[in-house]
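User: I'm still new to reading protein models. Could you take a close look at one part for me, the cavity, and walk me through what is around it?

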There are 2 protein chains.
Amino acid sequence: MTSTLIDNIGLLVTNDPQVGTGTAERESAALVLDGGIIRWIGDSRDAPAADERVDAAGRCVIPGFVDSHSHLVFAGDRADEFEYRMAGRSYSAGGIRRTVAATREASSGALLANARRLVAEMRAQGTTTVEVKSGYGLTVSDEARSLEVAGQVTSETTFLGAHVVPPEFADDVAAYVDLVTGDMLTACAPFARWIDVFCEAGAFDVDQARAILVAGQSRGLGARMHAAQLGESAGVQLAVELDAASVDHCTFLSGADVDALGGSSTVATLLPGVEFSTRQPYPDARRLIAAGATVAIASDCNPGSSYTSSMPFCIAVAVRDLRMTPAEALWAATAGGAQALRRNDIGVIAVGKRADVVILDAPTYVHLAYRPGVPLIHRVFSHDAP
Amino acid sequence: MTSTLIDNIGLLVTNDPQVGTGTAERESAALVLDGGIIRWIGDSRDAPAADERVDAAGRCVIPGFVDSHSHLVFAGDRADEFEYRMAGRSYSAGGIRRTVAATREASSGALLANARRLVAEMRAQGTTTVEVKSGYGLTVSDEARSLEVAGQVTSETTFLGAHVVPPEFADDVAAYVDLVTGDMLTACAPFARWIDVFCEAGAFDVDQARAILVAGQSRGLGARMHAAQLGESAGVQLAVELDAASVDHCTFLSGADVDALGGSSTVATLLPGVEFSTRQPYPDARRLIAAGATVAIASDCNPGSSYTSSMPFCIAVAVRDLRMTPAEALWAATAGGAQALRRNDIGVIAVGKRADVVILDAPTYVHLAYRPGVPLIHRVFSHDAP
């Protein structure tokens, strides 16, 4: 094992509550990484020797991004549908079901190659942890193999058999919920850490969502939720009631929803790439923050509603259109994502934590919003590949 | 000289009116580049041999981006001011004058190193031609040295002594206009291809703008204009009257302005990075296109109002918020930019044109908007460095 010293860090974002609030920044700092773990943090002038030295030359260093919401196991491309949507036209053959059909037809090898391509793309943009959902199989075998593929690219795997109702169950949603909570869950639970459901008009109602999450929890899976993307949803308060780790989208919230999130340990995960790519109104991050809710930002990378893999892009939109400060947006994309995955070993730069560290090609993380679209990732260190 | 064959191009954007309208696309194409010039275009199966072969493997190939509006000769950084603006607060020490002070203090070597850094960043994002303005010197010697620096990174140099009125002339704008049209023009004209003026409340009025552009034209410089960024401006119709190559910003236009542009050879250059980074309303591209105006997109890369260097980012915003189609936005960022610089050797892929060609890491250019923020530049060929 080789130890690495990163010194001459102009600005270090620690997100460490023992250092300060929020991004808890230090200046003129240095780090030592060894064996995939952060071993030492201090002033640059006090830095110990290490096997390798990396001179940050005054750059800003941040925790690797934690992208807590993505759908990377799929086949096909929906650029044509995107083009129609941007022109204000509907695309009759569009929607999630199109990706379901392509995913069912694809080989597992093709699904894995596509997921690996996207994870590599994310890594190059500073993401060191990514959650990956199933949800384009929607049969027992296709969901299980989707999770097997997901497990080859991340440990944060989520069973989302309840993404939409597949066409063959269109006339009997109850039977599909029975399948999801029965044979499909049995087949998928060994490959999943989390269970998720899309609780929204056109997908699953609140009673179905409750049945699905409770069934997953009884198998030892943690609960997460998609809700309030297209309108208010009773799913938000259900997520809080069930102590879900996160409720994702949160675009349309009632006052009671905001209050419930503010008084809970359920993270509100905002997905600004979705609103950007569907031309929907943006969620109100300020209201959530004012209520004391924990806010995360994730990409929702998927071939339909948000095909970005770029956390820096999501931060830029969060600052412009969700009106988060650059520090709030960065925290949400790192420590917030970690909380949305109930992880305390990532999203923070502190001794003993994972060595998931990004050197930006900028003197401050403010540049992630000040310089939108510009590749600003200088170097990525990750626990998996130190 | 080495010839290069690029074959197995899935989708080739030519922008060549002899091939078709708009982006004038071809499928299954191949190109031969030699000596910085496009020598052959045809079906991939008919491709001739060349010294080097590049397999595009079904990717999309486009003309290199032509970024017809940037301000790369400057010193300093205004991330703090951006952060204040995003929080809805004013920054008393902010504005262009802050960059003027830093630029005057910087060495020419430092200015050149910064400009080279940004041009390299642009190149990596697919930009093969960039226009660079002076405008942060605002003295005879600082404007002249700014243009000398600009000339070391591009042949498209623009004298913008009339960017703002410098503090030392705040009480006598007429004297500054006399300087710009007199000694400053004399010193700068040998290093510039273009003359530009910011015709807007708070900068120069329409009579001053006319005097400045006419003076430049009398020295053989082509005219361009900044106008209508913050409100309607008589500069738009002045630009048309003087046959300026382009009028840039065009955020606030009267019906008469749109009609004038639609009946002219003056390009309307839209700068969506500015509206993104200042949270201003976006210009109405559809109205300009409907009136028959030629629309270009450029980055306006500068440390104040738009510090993006990414033409793909500008295209993504143009599609979402200016409501251009992906094809219109791509054309505007390539052929549109070329027209804004009155160039017919770039922005088009045709035999005899410059070998400025980009292979995207995508099957179609629609991905530039469908996948916002994702680095999708696979390889860049340019006339300057084949």
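Analyst: Here is a walk through the cavity, its surroundings, and how the two chains are related.

Keep in mind that this is a predicted model. On confidence, chain A has a mean pLDDT of 96, with 99% of its residues at 70 or more. For the model as a whole, the scores are ipTM 0.97 and pTM 0.98.

Now to the cavity. If you set the bar at 30 Å³ or more, the structure holds one. The space in this largest cavity comes to about 30 Å³.

So who lines it? From one stretch of chain A you get P312(A), F313(A) and A316(A), and the rest of the lining is L368(A), R371(A), P372(A), G373(A), V374(A) and L376(A). Try finding helix α11 of chain A, residues 311-321, in the viewer: with three residues, that helix gives the most to the lining. As for chemistry, the lining divides into seven nonpolar residues, one polar and one charged. The charged one is R371(A) and the polar one is G373(A).

Next, where does the cavity sit in the chain? The domain assignment splits chain A into domain 1 (4-64 + 347-381) and domain 2 (65-340). Notice that domain 1 is written as two pieces of the sequence. Both domains of chain A give residues to the lining, so the largest cavity lies between them. The C-alpha centres of these two domains are 29 Å apart. Where the domains touch, 18 residues of domain 1 of chain A are in contact with 19 residues of domain 2 of chain A.

One lining residue, G373(A), is worth a second look. To see what I mean, bring in chain B: a rotation of 180° with 0.0 Å of shift along its axis puts chain A on chain B, at an RMSD of 0.0 Å. That is how a two-fold axis relates two copies. Both copies use the same surface, as 100% of the contact residues of chain A recur in chain B. And of the residues in chain A, G373(A) comes closest to that rotation axis, with its C-alpha at 2.5 Å. That makes G373(A) a handy place to start: find it in the cavity lining, then look for the axis.

Key: Residues numbered from 1 in each chain as written. Chains lettered and ligands numbered in written order. Predicted model: local features only at pLDDT ≥ 70, side-chain atom pairs only at ≥ 80, totals over all residues. Heavy atoms only, no water. 1 Å grid on protein atoms, 1.4 Å probe; cavity = no way out; pocket = protein on both sides within 12 Å on 5 of 7 lines; lining within 4 Å. Points joined across faces, edges and corners; volume = space filled by probe spheres on them. Helix = DSSP H or I, 4+ residues; strand = E, 2+ residues; numbered from the N terminus. Domains from an automatic or database assignment. Least-squares fit on C-alpha atoms with pLDDT ≥ 70 in both. Contact = heavy atoms within 4.5 Å. pLDDT = per-residue confidence, 0-100.
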